[in-house]
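Here's an informal walk through one protein model and its ligand. Have the sequence and the 3D view handy as you read.

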Amino acid sequence: MSTTLHPSFQPMFDIVLARNPGEPEFHQAVYEVMHSLAPLAEERPEYAQWSILQRVCEPERQIIFRVPWVTDAGQVEINRGFRVEFNSALGPYKGGLRFHPSVNLSIIKFLGFEQVFKNSLTGMPIGGGKGGSDFDPKGRSDNEVMRFCQSFMTELYRHLGEYTDVPAGDIGVGAREIGYLFGQYKRITNRYESGVLTGKGVSWGGSRARTEATGYGTVHFAEAMLGVHGEDFDDRTVVVSGSGNVAIYAVEKAQALGAKVIAMSDSSGYVVDETGIDLEVLKDVKEIHRGRVADYADAVGPRARVITSGSIWDVPCDIALPCATQNELDDTQAGTLVGNGVRLVAEGANMPCTPGAVSVLRDAGVLFAPGKASNAGGVATSALEMQQNASRDAWDFETTAGRLQEIMYDIHDTCLATAEEFGSPGDYVVGANLAGYIKVADAMVAMGVI
Ligand code: NAP
């Protein structure tokens, strides 16, 4: 496959580079989408006439703000807050908040850009956005996290609303943070506006199966891919990177389908447990005690070993699920996976595979699921949460998880059919980008120049 852009797109990409200097992750995400859109240059001339691609690459609104807060010791700390409202052609901006020291404008823009097409793929009426802060919740007390969240929301609330912009969680933002953020929004606005944030606690407006949704959805997507070839998860060996929300529930679903998950990681290293990860122990370490993978190994004893050098992708497996962070799997590591006979790689995280890694996997005939399709189950279930909030209803777990499964199979089928239609059969990257983009572009054409 060619690695160059269609000649009519190259000048637009050059403009993106010039207008957004020093934003490598954003450039990477834009290039990947533009690369897939080549067939549209001839087949949809109206998009060029309406400058759709140029407009899609320019966020509708970008908000950057100061977040001052006070530590338990009385020290004033300053962080930077971001919200990039990327595209609202299909509905209110929707996308998570990330609290991690690495957060900067480039990372939020790449995430927001990807979110636009991911949300389109879900078939739900949601636009795309993303936000966060360079605040690091690790090692902070609950009170410090609460004060930070309150300060963050004291600025952000004016930009939000159930018909305007609806954030959720992401790295470093889970149920605890969503609770503090929602509480402050409610206090400032004097409105119990459930639909303004998703990922809420189930007893106060959250959806059942939202916690599980991204991990479960990633495995459902991979299951559908294997199904096309008459294969499944049963007895397959799986490696999952990360050990946060997405990773834990990817493990749970993979195990439920008969797979053996033998390795997981966090930013301090990875743990290998050849007998299969004990999920109850892992949840206790990660969800209750906010511990490290080494604590998992301490808890299960000698059957597990912790490795703090090298890469989790050195561990031989049939199925690899990168569920930690962007660019965590490069071309060399992809080569190692291929050498060890990997059959499928499905992205649970956003853009965890570098472009080089994706090339290596595709050239070797490994089934590859891009994150904007395979991890869309989280945001799809967030839209189900909004639906329940709007109707003052609360569905049971089976109903919600069943809807999630249907949505993931639908996204899979849409990607496959679109790839086929545009001459790249079996290419889920091309299928996901084209299907996601066309829906957004058609809505933008319909709404005129705004
Ligand atoms: P999370 O609960 O905060 O967990 C993140 C996990 O990844 C942690 O185990 C973390 O380890 C690890 N990690 C983060 N940065 C790392 C790095 N630089 N090197 C190695 N490990 C690293 O976050 P999450 O919600 O699971 O999100 C994981 C990924 O899925 C992200 O790319 C996110 O954008 C994507 N995603 C999430 C959702 C969702 O619903 N949550 C939906 C779609 C996509 P430490 O604890 O050591 O930092």
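## Around the ligand

Start with the ligand: 24 residues surround it, and D170, T214, S267, R292 and N350 come nearest. Keep in mind that this is a predicted model.

Which elements supply the shell around the ligand? Helix 9 (210-228), helix 10 (245-256) and strand 7 (260-266) each put at least two residues into it.

Zoom in on the ligand's oxygen atoms and a few polar neighbours show up. An N or O atom in the N350 side chain sits 2.8 Å from a ligand oxygen. The backbone gets involved too: a polar backbone atom of S243 is 2.9 Å from an oxygen of the ligand, and for G172 a backbone N or O atom lies 3.0 Å from a ligand oxygen. How much of the ligand does the protein bury? On its own the ligand exposes 890 Å², and the protein buries 82% of that.

## Domains

The domain assignment splits out domain 1 (10-56), domain 2 (61-192) and domain 3 (212-374). Measuring up domains 2 and 3 as a pair, their C-alpha centres are 27 Å apart. They do meet, though: 13 residues of domain 2 are in contact with eleven residues of domain 3.

## Nonpolar cores

The largest nonpolar core has 57 residues, and F221, F233, V240, L321 and I411 touch the most other members. At least three residues of this core come from domain 2 (61-192), and at least three from domain 3 (212-374). There is also a second, separate core of 41 residues, with F13, M34, L40 and M444 among them.

Take L321 as an example from the largest core. Setting aside residues up to four places away in sequence, L321 touches T218, V219, V238, V239, V240, S241, A250, W313 and A346.

## L344: buried or exposed?

L344 belongs to strand 11 (residues 344-346). L344 has a relative accessible area of 0%, so it counts as buried. Beyond residues up to four places away in sequence, its contacts are A222, M225, L226, D318, I319, A320, V366 and L367. As for H27, which is 317 residues from L344 along the chain, the two C-alpha atoms are separated by 26 Å.

## K372 and its polar partners

K372 is part of helix 15 (residues 371-374). Is this lysine buried or exposed? Its relative accessibility is 2%, and the cut-off for buried is under 20%, so K372 counts as buried.

What does the K372 side chain pair up with? One polar contact goes to the side chain of E32, at 2.9 Å, and another to the side chain of N433, at 2.8 Å. Apart from neighbours within four places in sequence, K372 is in contact with E32, V33, E114, F117, K118, L121, A432 and N433.

## D442 on helix 18

D442 lies in helix 18 (residues 428-447). With a relative accessible area of 35%, D442 is partly exposed. Neighbours within four places in sequence aside, D442 is in contact with R44 and Y47. With Y47 there is a polar contact between the two side chains, at 2.6 Å.

D442 and A89 are 353 residues apart along the chain, yet their C-alpha atoms are separated by 9.1 Å.

Definitions and conventions: Residues are numbered from 1 along each chain as its sequence is written. This is a predicted model: local features need pLDDT of at least 70, side-chain atom pairs count only at pLDDT 80 or more; totals for chains, interfaces and linings use all residues. Side-chain values use heavy atoms; hydrogens and water are left out. A nonpolar core is a set of buried Ala, Val, Leu, Ile, Met, Phe, Trp, Tyr and Cys residues joined through side-chain atoms within 4.5 Å. Buried means under 20% relative accessible area, exposed over 50%, partly exposed in between (1.4 Å probe, protein chains only). Domain bounds come from an automatic or database domain assignment. Contact means heavy atoms within 4.5 Å. Helices (H or I, at least four residues) and strands (E, at least two) are DSSP runs, numbered from the N terminus. A residue is near a molecule or strand if one of its heavy atoms lies within 4 Å of it. A polar contact is a pair of N or O atoms within 3.5 Å; within protein, one must be able to donate a hydrogen and the other to accept it, and residues adjacent in sequence count only if both atoms are side-chain atoms. Accessible areas come from the Shrake-Rupley method with a 1.4 Å probe; for residues, only the protein chains shown count as cover.
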